[in-house]
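Biologist: I'd like to get better at reading a fold from its coordinates. Can we go through one together?

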Amino acid sequence: MMIGFSKLTSSQDLFAKQRWEHQRLETDPSNAFHGFNFFVAAWHLLEWTYPDSPERRRQLKKENVILQVCEHLAVGAKQFEPKDERHRSVLGSHSTDAWGGAWGISWSNVWGSRMIIKLAGEVAETFGSAIDCLELATHAFEFWKQQFENRQA
């Protein structure tokens, strides 16, 4: 029976991966790979943290819009055009390129190229109609950090 993936065998390990992805996103906030990887980890932490408690997972998702947007970005994005009714919190995403992208990746990072996530519904009521990907990731990271701190208390 397979447990986890290599050295990722517990929810604490996946949280450490999420922390690593958040740090990468802080360093390179226009990198869609880091953004996508971050939200995949943030969404699947719910299953890894509460594997035997589907009711707890449903309750947390219902009470915390950050989990709804994590699900949409992690699960919906891999389908490119999500059709599942659950995925209603993200309208789209785009990058803002400093200098129209003409200076390449190194200059766009210096001058502020960012990923912007357009939100809808309850998530937009909480975070606004558009939010910087790094800011949204920070909200998700803080949510999980608090979950792990509360579990240890």
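Biologist: Let's start with the cysteines. How many disulfides does the count come to?

Modeller: Keep in mind that this is a predicted model. You look for a pair of cysteine sulfur atoms within 2.5 Å, and here the count comes to zero disulfides.

Biologist: Are Cys-70 and Cys-133 buried or exposed?

Modeller: For burial, the cut-off is under 20% relative accessible area. Cys-70 has 1%, so that residue is buried, and Cys-133 counts as buried too, at 3%.

Biologist: And over the protein, what percentage of residues is buried?

Modeller: Of its 153 residues, 41% are buried. As for the surface, about 9200 Å² is exposed, with carbon and sulfur atoms supplying 54% of that area.

Biologist: What pattern does the protein follow along the sequence?

Modeller: List the helices and strands in order and you get α-α-α-α-β-α-β-α-β-α. That makes seven helices and three strands.

Biologist: Which residues in the largest nonpolar core touch the most other members?

Modeller: Such a core is built by joining buried nonpolar residues through side-chain atoms. This one has 36 residues, and the best-connected are Phe-39, Ile-66, Leu-119, Phe-127, Leu-136 and Trp-144. Elements giving two or more residues include helix H1 (11-27), helix H4 (65-78) and strand S2 (114-119). The largest share is nine residues, from H7.

Biologist: What does Ile-66 touch, leaving out residues up to four places away in sequence?

Modeller: Ile-66 contacts Phe-127, Leu-136, His-139, Ala-140 and Phe-143.

Conventions. Residues are numbered from 1 along each chain as its sequence is written. This is a predicted model: local features need pLDDT of at least 70, side-chain atom pairs count only at pLDDT 80 or more; totals for chains, interfaces and linings use all residues. Side-chain values use heavy atoms; hydrogens and water are left out. Helices (H or I, at least four residues) and strands (E, at least two) are DSSP runs, numbered from the N terminus. Buried means under 20% relative accessible area, exposed over 50%, partly exposed in between (1.4 Å probe, protein chains only). Accessible areas come from the Shrake-Rupley method with a 1.4 Å probe; for residues, only the protein chains shown count as cover. A nonpolar core is a set of buried Ala, Val, Leu, Ile, Met, Phe, Trp, Tyr and Cys residues joined through side-chain atoms within 4.5 Å. Contact means heavy atoms within 4.5 Å.
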